[in-house]
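This report goes through the helix contacts, the sheets, the metal site and some backbone details of one protein model. The sequence and structure come first.

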Amino acid sequence: MRIENIELRHTKMELVSPFETSLGVELHEEHIIVRVDCEGVTGWGECVVEPTPSYSYETLQTAWHILGDFIIPSLLGKDFPDLQSALSQFSWVRGHRMAKAGVEAALADAFAKSQGISLSKYLGGTRKTVPVGVSVGLQATPAELVRVIGGYLQDGYKRIKIKIAPGRDIELVKAVRKEYPDILLQVDANSAYTLDDIAMMKEMDDYNLQLMEQPLGYDDIYDHSLLAREIKTPLCLDESIYNVSDTKCALALGSCKIINIKPGRVGGYTESIRIHDYCASLNVPVWHGGMDESGVGRAGNVALASLPNFSLHGDISATKRYYKKDIMEPEFVLNADGTMTVPDKPGIGVEIDWVELEKVTEKKAVYK
Ligand code: OSB
Ligand code: MG
């Protein structure tokens with residue numbers, strides 16, 4: 001496939017409700033939507049960078065720079081027999097995984113469409129539906145959190161993840177467990193704690209949590225291994241895992257028993273699948289994380305999550321949990337059994353809503 005044009009759009013979409021985590025409060029999601037045109041086929045991908053370097057060191061500006069000045073020029077006008085040969089053009093770029101993942105996603109969509117198969121099939125997915133859950137931000141009070149969770153349970157979600165932060169942890173879990181003693185419940189700290197907080201984390205053991213996600217430093221695999229020895233709740237790493245070698249290191253050290261895979265964080269689908277396969281070889285379950293994507297990113301997430309070892313519920317929720325109006329149609333909905341259906345049309349399997357995409361575009365650049 002010959003790559004003719006690549007287009008970047010900085011998009012800004014209003015969330016239906018503010019999303020608060022230990023990293024701060026978000027009212028909007030700003031990402032970069034990548035479009036690749038090749039010989040009559042158009043591929044779409046979402047680069048999940050944020051305006052500020054908080055969850056990741058990458059930002060909208062660094063990704064725009066790396067894409068526009070290095071990655072896109074390495075691809076334009078060239079003809080590639082397959083995805084891997086296209087990716088090899090910019091494998092020399094170190095880091096900047098979210099930038100790379102956005103382009104890989106658009107290229108993978110284009111290759112899948114050119115073969116007339118779904119992205120799920122193209123990536124090696126085996127399931128028609130995937131189990132999903134919802135990630136619930138910090139709320140003003142424990143009572144409000146319980147109320148919000150009640151709404152999601154009513155919607156049919158079978159797994160709830162709550163965000164925690166210092167001073168807003170045990171009391172939240174206690175309140176949720178009192179009201180809902182049996183739900184699948186997990187917590188995510190986004191690196192807000194240190195080993196000095198071990199007493200709080202030991203207390204978490206009393207609440208039958210499915211897992212605790214990234215309690216310690218975003219780059220601290222070693223301290224997680226020390227924490228894991230002190231508590232019963234299984235640890236899951238998000239921020240600390242950038243690739244399969246981090247995965248090997250974390251599992252060998254005993255830093256976690258579960259991995260959250262986000263293609264943006266690890267540099268794309270190819271690295272995600274390497275991590276997925278390595279974990280599968282050790283019987284370590286993985287699940288698909290989320291970055292509050294639009295329908296472009298969500299479609300890719302659902303496709304990747306259809307691989308067999310994504311056995312735990314993903315942070316892949318219905319469109320209406322995030323946005324009033326999406327830039328793709330149809331919107332993603334939750335099935336009655338708490339799963340989401342994997343699109344089976346070619347590529348990502350959803351269509352652009354051009355009017356909405358134009359509305360949310362802040363800035364656009366076309367590279368030819
Ligand atoms: O830590 O998993 C996280 C969103 C943005 C950045 C980091 C995280 C999250 C979420 C939301 O938890 C997951 C979703 O998309 O539903
Ligand atoms: Mg997380």
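## Helices α9 and α11

Helix α9, residues 244-253, packs with helix α11, residues 269-281, at an angle of about 25°, and their axes are 9 Å apart. Angles under 35 degrees count as roughly parallel, and α9 and α11 are therefore roughly parallel to each other. Their crossing is right-handed. The model is predicted.

On the α9 side, the residues that meet α11 are Val 244, Thr 247, Lys 248 and Leu 251. Their counterparts in α11 are Glu 271, Arg 274, Ile 275, Tyr 278 and Cys 279. By class, the contact of α9 with α11 divides into 5 nonpolar, 1 polar and 3 charged residues.

## Helices α5 and α6

A second helix pair consists of α5 (residues 142-155) and α6 (residues 170-179), whose axes come within 9 Å and cross at roughly 45°. α5 and α6 are therefore oblique to each other. The crossing of α5 past α6 is right-handed.

From α5, the contact takes in Pro 142, Leu 145, Val 146 and Ile 149. From α6, the residues are Glu 171, Leu 172, Ala 175, Val 176 and Glu 179. The contact of α5 with α6 has 7 nonpolar and 2 charged residues, and no polar ones.

## The parallel sheet

Strands of a sheet pair through backbone hydrogen bonds, either parallel or antiparallel. One open sheet here is built from 7 strands with parallel pairing, in the order β5-β6-β7-β8-β9-β10-β11. At its edges are β5 (134-136) and β11 (286-288), each of which pairs on one side only. From one strand to the next, the twist averages 30°.

At the β5 edge, 3 bridges link β5 in the parallel sense to strand β6, residues 159-163. Within this pairing, Val 134 stands opposite Ile 160 in β6.

## The antiparallel sheet

Another open sheet has 4 strands, paired antiparallel in the order β3-β2-β1-β15. β3 (41-47) and β15 (361-367) each have a single partner strand and stand at the edges, so one side of each is left without a neighbour in the sheet. The twist averages 25° from one strand to the next. Helix α3 (residues 97-114) packs on this sheet and touches β2 (24-38) and β3. The direction of α3 makes about 155° with that of β3.

Strand β1, residues 5-21, is joined to β15 by 6 bridges, and the two run antiparallel. Arg 9 has Lys 364 of β15 as its bridge partner, and His 10 stands opposite Lys 363 in β15. β1 and β2 also run antiparallel, joined by 13 bridges. There, the bridge partner of Ile 6 is Val 36 in β2. These two strands, β1 and β2, form a hairpin with 2 residues between them.

## The magnesium site

Which protein residues are donors of the magnesium ion (ligand 2)? They are Asp 188 (OD), Glu 213 (OE) and Asp 238 (OD), at 2.2 to 2.3 Å from the ion. Along the chain, the donors of the magnesium ion (ligand 2) follow the spacing D-x24-E-x24-D.

Glu 213 and Asp 238 are 25 residues apart and link distant parts of the chain. Glu 213 belongs to strand β8 (residues 211-213), whereas Asp 238 is in the loop between β9 (235-237) and α9. The site thus touches elements already described: β8 and β9 are strands of the parallel sheet, and α9 is the helix that packs with α11.

## Backbone details

Where is the cis peptide bond that ends at Pro 330? Glu 329 and Pro 330 are joined by this bond, with omega about -5°. Pro 330 lies in the loop between β12 (328-329) and β13 (339-341).

Glu 39 is not a glycine, yet its phi is positive, at about 45°. The loop between β2 and β3 holds Glu 39, and β2 and β3 are neighbours in the order of the antiparallel sheet.

Terms used
Residues numbered from 1 in each chain as written. Chains lettered and ligands numbered in written order. Predicted model: local features only at pLDDT ≥ 70, side-chain atom pairs only at ≥ 80, totals over all residues. Heavy atoms only, no water. Pairing = 2+ DSSP bridges. Axes fitted to C-alpha atoms, helices over the stretch in contact; angles between N-to-C directions. Contact = heavy atoms within 4.5 Å. Parallel < 35°, antiparallel > 145°, perpendicular 65-115°, else oblique. Left-handed = near helix turned anticlockwise from the far one by under 90°. Nonpolar A, V, L, I, M, F, W, Y, C, P; charged D, E, K, R; others polar. Donors = N, O, S within 2.8 Å, 3.2 Å for Na, K, Ca; no water.
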